[in-house]
Amino acid sequence: MPTLYDYILSDECYKVRILLAMLQVPYKTEKINVHPGSDNELPAFLALNPLGQIPVLVQDDLVLRDPQAILTYLAIKYDRGRTWLPADAESAGCTAMWLTFAGNNLRPLSRLRDNALFGSEPDIDLDQCDREARHALQIIDDQLAEGEITGRRWIVGNNPTIADVAMFPALALAGEANMPFEPYPAVWRWIDRFKRLPRFVVMPGVLPLLPGVAA
Amino acid sequence: MGRLNFVNPWSWYSVAASSEIPRGQILPIVLSGTTLVAWRAQNEKISVWSDRCPHRGMRLCLGGTRDDVLMCPYHGWVFGSDGACTHIPAHPQLTPSRAARARIYPCTEADGYIWACIGEPSTPQPTYITSSGNALTHVRTMHIAADVETVAAALMSRPLLSGPSRSNDGWNENLIWSNHDGMVESRYRQGDSDFSARLEFPGLVTCSITIGDNAPLRYTVMLQPTSTDNAAIHLSLDGAGSVEQQSLLNRDLIQLRSDLQSLWHRPTLDRIADRCADMMPDHIRG
Amino acid sequence: MARTTDPIAINHWYAVASCSDIKPGRIKKTRLLGQPIVISRLDDGALSCVEIDENGGSKPVPNLCEQYGFLWASLGTPTKPIVDLPEFAEDGRRVIRRGEIGVATSPQRIIENFIDLSHFSFVHTGTLGGLENAEVPKYNVEYREDGAELWATECRFFQPKASAATNLSTDVLYDYRIPSAFISIIYKDSLVRRGKKDLIGLFLQPLEETDTIVHSFALVHDETNTDTHILHFYHEIFGQDRGVMIHQTPKKLPVSPRRDIPTLSDASSIAYRRWLDKSGLEFGLDRNPG
């Protein structure tokens, strides 16, 4: 059984929690006091991940950091249907492309949110981050709008993949990064579609489809 | 304030394609600076309300809908499609007061689009009907970081897809302008290619591109002022359009937005917008 | 925002830091009521808090003290002492410092959310409330200390999981205490030590009218869970609250009774708004009559 080093308010950990739930993988949680504790900077944790970041997934001798890597591992290990990370070259390439996008180009959204919540970057250039975040949102809206024209319901093809999972937290929490919803209607609809997936789970700041009905 | 008038409380504006809000779906919208929520009940009825619960000011677009009601996510207040609160979960036996109601806005559905008005509409329905009589095929709703007047000028001076002046990076000023019936027209001809655009106040641009003896390609853009500096457009093809055609249109639109949002071509666009405004009938000109 | 001119807001005590966070050599730049301040630990170990003016000059804040492990500052002369919480000195409770979390809204919106019960079933589904038991029984609202404190008492709600310490679904009793516009404490039944109360409190630091830092703590009876486990439980709850508070408009709290439509279970919020209205406070409030 894998162990997830986790913090309930982390959008990066949420990526992994979502996939674990959707793949119905039982797991243990090791809660880390990231805020206010900064326990992820202590030697014990750095021994696990020298970058001092969560999530970390440990299973037997395997220690994986980086949520995109963890999603990749979980998809290959547990997804019998091989839809969450398709094996054909084109789909695998596109999935990798959007996984990297989630890891790099959605960082400004995450940084804005982290700073609003925890004051993690007192000297952050808010205008620059805001511009980059909106640019990323526009790119995704264009991609999803293209999909609405061609009948591609997800970021890669007609099934949700780990690329969708990797992008979901930052986009669903974009309001906490002070982003408006209205300019990105295709993203809004994709978020709704994602919430309807079986075994979808929320996190604080992400509302369920129906008030009072825990996802 | 732009001559296409950012705040126009007596006109209908398109706010979404009908297909963007199927049954049981919610969409946040902003029209002329007013934050709205559009949603469709199971009985197909579309509603456009202020995006604000009357209880404690929570955004209703973050709530949920089932059957013919909308629920606020904060305290679960239930609203029927007439805007009245029908159920307060904290007091299940209580009949909610009549004051507990969402603020509703006029809305209607026509030509495959949802229309809303932030004030009292001067006509019972939107007055634009597609000229060809064909149904419109919705291609894309896109938000642009430019005011509605600049967006109109861009659409009047540059054809999407094939057409004259396509090889230009910017905007074509060699247009022939005219007006009649309260509408402004721009036209450009090059070789056997002909592009014409017509702007109908307050927010409709219909374009036609003819190449040689081929049937004209017509598309319609509905303009939606969202704020003083921003606009949304709803692009549709007259008649049926292939997926490939729609896809190409979307890509062209993305390029147009990119050029619009860059300031490089603004002086040219401003001049085109001025020419367009000169052509507007006096009773429309601001 | 420039420093507020509201004298009532100026003459309050505000928590501005957790003392143990300010290590030697570290400085913390923040704001209080629009006024930039800098907090640091001097060589002799004392904590310092200075106001920075537009020219970069600094002078100490007029009033500063440490209490309950927090650093408290006032830009004026407080008319009331810092809220009395003897429970901090009592044995048997776990002291959980919940850290600072920013919320882009007025402090009064945050207090109003904190004292509200009827959102439990929707915002904290599965822990503090559930859809099947969303009804809020009548409770009591009263003023104490000669009108200086507002209390909501005998509040009762059915909770599937009232705290990290329990998985027992049961009715839980709550008292809410509002000793100032910017502070609130919950006293709720401990399900581990019958007859004892767990305390959860918010000390708000307004950065400006619509941006607040929430300093918070819990004093709870829990023999089974680690500090981090308890912390995560509270962060989950607070994160859920934050997720709705940032989407309320207007951000400043309306105080006129004609604004917003309350219902019976809003008795404490109605009293809080009326209390604020009468107090003459301007900061953080929307006084439009509507």
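Two residues are in contact when heavy atoms of one lie within 4.5 Å of heavy atoms of the other. In the predicted model examined here, the contact between chain B and chain C takes 22 residues from chain B and 25 residues from chain C. Together these two chains bury about 2000 Å² between them, and 55% of that area lies on carbon and sulfur atoms. Three residues of chain B, namely Arg56(B), Tyr74(B) and His91(B), supply 35% of the area that chain B buries against chain C, which is more than any other three residues supply.

Charged and polar pairs also span the interface of chain B and chain C, where 2 salt bridges are found. Arg56(B), already named for its share of the buried area, forms a salt bridge with Glu112(C), the closest N and O atoms of the pair being 3.5 Å apart. Polar contacts between chain B and chain C amount to 12 residue pairs, counted where both residues have a pLDDT of 80 or more. When the residues on the side of chain B that touches chain C are sorted by class, they divide into 13 nonpolar, 6 polar and 3 charged.

The second interface considered is that of chain B with chain A, to which chain B gives 33 residues and chain A gives 19 residues. About 2100 Å² is buried between chain B and chain A, with 57% of this area on carbon and sulfur atoms. The count of salt bridges between chain B and chain A is 6, and one example is the salt bridge in which the side chains of Arg189(A) and Glu20(B) meet, at 3.0 Å from N to O. Between chain B and chain A there are also 11 residue pairs in polar contact, both residues being at pLDDT 80 or more. On the side of chain B that touches chain A, at least two residues each come from β2 (26-31), β5 (64-66), β12 (136-144) and α2 (243-261) of chain B. Of the elements, α2(B) gives the most to this side, with 8 residues. By class, the side of chain B that touches chain A has 15 nonpolar, 12 polar and 6 charged residues.

Attention then turns to empty space within the model. Rolling a probe the size of a water molecule over the atoms shows where such space is left. The second largest pocket holds about 710 Å³ of space, and its lining consists of 32 residues, among which Ile8(A), Val202(A), Pro204(A), Glu236(C) and Gln240(C) lie nearest its centre. Two or more lining residues are given by each of α1 (11-22) and β2 (28-31) of chain A, and likewise by α3 (120-123) and α4 (227-245) of chain C. The element that gives the most to this lining is α4(C), with 7 residues. Sorted by class, the lining of the second largest pocket has 18 nonpolar, 9 polar and 5 charged residues.

Across the whole structure, 9 cavities of 30 Å³ or more are found, and the largest cavity has a volume of about 230 Å³. The largest cavity is lined by 20 residues, of which Phe114(C), Leu128(C), Ile186(C), Ile237(C) and Asp241(C) lie nearest its centre. In chain C, α2 (107-114), β12 (183-189), β13 (197-208) and α4 each supply at least two residues of this lining. The largest share, 5 residues, comes from α4(C), the helix that also gives the most to the lining of the second largest pocket. The residues that line the largest cavity divide into 13 nonpolar, 3 polar and 4 charged.

Definitions and conventions. Residues are numbered from 1 along each chain as its sequence is written. Chains are lettered from A and ligands numbered from 1 in the order in which they are written. This is a predicted model: local features need pLDDT of at least 70, side-chain atom pairs count only at pLDDT 80 or more; totals for chains, interfaces and linings use all residues. Side-chain values use heavy atoms; hydrogens and water are left out. On a 1 Å grid over the protein atoms alone, a cavity is a set of points where a 1.4 Å probe fits but cannot get out, and a pocket is an open set with protein on both sides within 12 Å along at least five of seven lines; lining residues have an atom within 4 Å of a point. Grid points are joined across faces, edges and corners, and a volume is the space filled by probe spheres set on the points. Helices (H or I, at least four residues) and strands (E, at least two) are DSSP runs, numbered from the N terminus. Ala, Val, Leu, Ile, Met, Phe, Trp, Tyr, Cys and Pro count as nonpolar, Asp, Glu, Lys and Arg as charged, and the others, Gly among them, as polar. Buried area is the accessible area (1.4 Å probe) that two parts lose on being put together, summed over both. A salt bridge is a side-chain nitrogen of Lys or Arg within 4 Å of a carboxyl oxygen of Asp or Glu. A polar contact is a pair of N or O atoms within 3.5 Å; within protein, one must be able to donate a hydrogen and the other to accept it, and residues adjacent in sequence count only if both atoms are side-chain atoms.
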